[in-house]
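Reader: Before we discuss any term used for this model, please show me the sequence and the structure, and then let us go through the reasoning behind each label.

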Amino acid sequence: MLAVSFGLVSAAAAFNVETLPAARQQLTRAMAPSMGYETELGATGPLGYWDPLGLASKASPEQFARFRAVELKHGRIAMAASTGYIVQSFLRFPGYLSVSEKIKFADLPNGIAGFGKIPPAGLLQILLGIGLMEGLTWKFYEGPWPGKVPEGKAPGDVAGDLWVRYPDPEVKADKLNIELNNGRAAMMGITGMLMHDHLTGSWIPPGF
């Protein structure tokens, strides 16, 4: 749980709505309904602005901000998950996962198969930790379902002073674009790892 928390924090330390350039603060301020999102963060090469289903064209500024928060959240989780899949292949915590059932961390198989070896109490702790992060510590949304980005904050700005802050607007925009693209790549990556793990028993593609 600690490793996942650290991964989520370190993967996305770049938010400060106060120093975002005016073009970037569109996500947290009202804008004209006719205004497009072609120049928003994430519209980078080689695809540029890519919205084949036209979801953004139908979205209000508030909805678009939530879309971006969802993308950032899933990207951060995927980056932590991809890293965890790789690290578990050669590094394990010392000691016991469950002293009462005499299960060591080293005894767990990697990937999907590992979940079958975690005692019910351990799974409950994982779910409890996720719930605490969702509802108390790192709230990406607020209000009734489906929620919205908290007032006065940029999408994904959830860890307060723990974030690294970039006062230069150009540097900030560059860092945020890097995070978005890395998160997108990680979402594809962890999907591939899970598929390979399910089909072959290993996240490593055949031939490597």
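Author: This is a predicted model, and among its contacts between residues at least 6 apart in sequence, 64% join residues at least 24 apart. Buried residues make up 36% of the 208 residues in the chain.

Reader: Which pattern does the chain follow along the sequence, and how many helices and strands are there?

Author: The chain has 4 helices and 2 strands, and read along the sequence they follow the pattern α-α-β-β-α-α.

Reader: What makes α2 oblique to α4?

Author: The axes of helix α2 (residues 61–87) and helix α4 (residues 169–200) cross at roughly 50° and come within 7 Å. Angles under 35 degrees would count as roughly parallel, and those of 65 to 115 as roughly perpendicular, so the crossing of α2 and α4 is called oblique. The crossing of these two helices is also left-handed.

Reader: Which residues make the contact of α2 with α4, and how do they divide into nonpolar, polar and charged?

Author: From α2 the contributors include Arg68, Glu71, Leu72, Gly75, Ala78, Ser82 and Tyr85, while α4 brings, among others, Asn182, Gly183, Ala186, Gly189, Ile190, Met193 and Asp197. The residues of this contact divide into 12 nonpolar, 6 polar and 6 charged.

Reader: Why is Ser82 called buried, and what does Ser82 touch?

Author: Ser82, which lies in helix α2, has a relative accessibility of 10%, and because buried means under 20%, Ser82 counts as buried. Leaving out residues up to four places away in sequence, Ser82 touches Ala186, Gly189, Ile190 and Met193.

Reader: Why is Asn182 called partly exposed?

Author: Asn182, in helix α4, has a relative accessibility of 41%; since buried means under 20% and exposed over 50%, Asn182 falls in between and counts as partly exposed. The C-alpha atoms of Asn182 and Gly75 are 7.4 Å apart in space, although the two residues are 107 apart in sequence.

Reader: How do you know that Asn177 is buried, and which residues is Asn177 in contact with?

Author: Asn177 also has its place in helix α4, and its relative accessible area of 16% is under the 20% that bounds the buried class, so Asn177 is buried. Setting aside neighbours within four places in sequence, Asn177 is in contact with Leu41, Gly42 and Thr44. Asn177 and Ala43 are 134 residues apart in sequence, yet 8.2 Å apart from C-alpha to C-alpha.

Reader: Which residues form the largest nonpolar core, and what gives the most to this core?

Author: The largest nonpolar core has 11 residues, including Ala65, Ala69, Val70, Met133, Trp138, Phe140, Tyr141 and Trp163, and α2 gives the most to this core, with 3 residues. Ala69, one of the core residues, touches Phe140, Tyr141, Val149, Pro155 and Gly156, with residues up to four places away in sequence not counted. Apart from this core lies another, of 7 residues, among them Ala78, Ala186, Ile190 and Met193.

Reader: Why does Pro150 count as buried, and what does Pro150 touch?

Author: Pro150 has its place in the loop between α3 (120–137) and α4, and its relative accessibility is 16%, which is under 20%, so Pro150 counts as buried. Not counting residues up to four places away in sequence, Pro150 touches Lys139, Phe140, Tyr141 and Glu142. The C-alpha atoms of Pro150 and Phe140, 10 residues apart along the chain, are separated by 7.3 Å.

Reader: What makes Lys102 exposed, and what is the value of its phi?

Author: Lys102 lies in the loop between β1 (96–98) and β2 (103–104). Its relative accessible area is 67%, and because exposed means over 50%, Lys102 is called exposed. Phi of Lys102 is near 55°, a positive value in a residue other than glycine. Most residues other than glycine have a negative phi.

Reader: Why is Val87 called partly exposed?

Author: Val87, in helix α2, has a relative accessible area of 30%, and since this value lies between the cut-offs of 20% and 50%, Val87 is partly exposed. The C-alpha atoms of Val87 and Asn110, 23 residues apart along the chain, are separated by 9.7 Å.

How values were computed:
Residues numbered from 1 in each chain as written. Predicted model: local features only at pLDDT ≥ 70, side-chain atom pairs only at ≥ 80, totals over all residues. Heavy atoms only, no water. Axes fitted to C-alpha atoms, helices over the stretch in contact; angles between N-to-C directions. Parallel < 35°, antiparallel > 145°, perpendicular 65-115°, else oblique. Left-handed = near helix turned anticlockwise from the far one by under 90°. Contact = heavy atoms within 4.5 Å. Nonpolar A, V, L, I, M, F, W, Y, C, P; charged D, E, K, R; others polar. Core = buried A, V, L, I, M, F, W, Y, C linked by side-chain atoms within 4.5 Å. Buried < 20%, exposed > 50% of the residue type's maximum accessible area, 1.4 Å probe, protein only.
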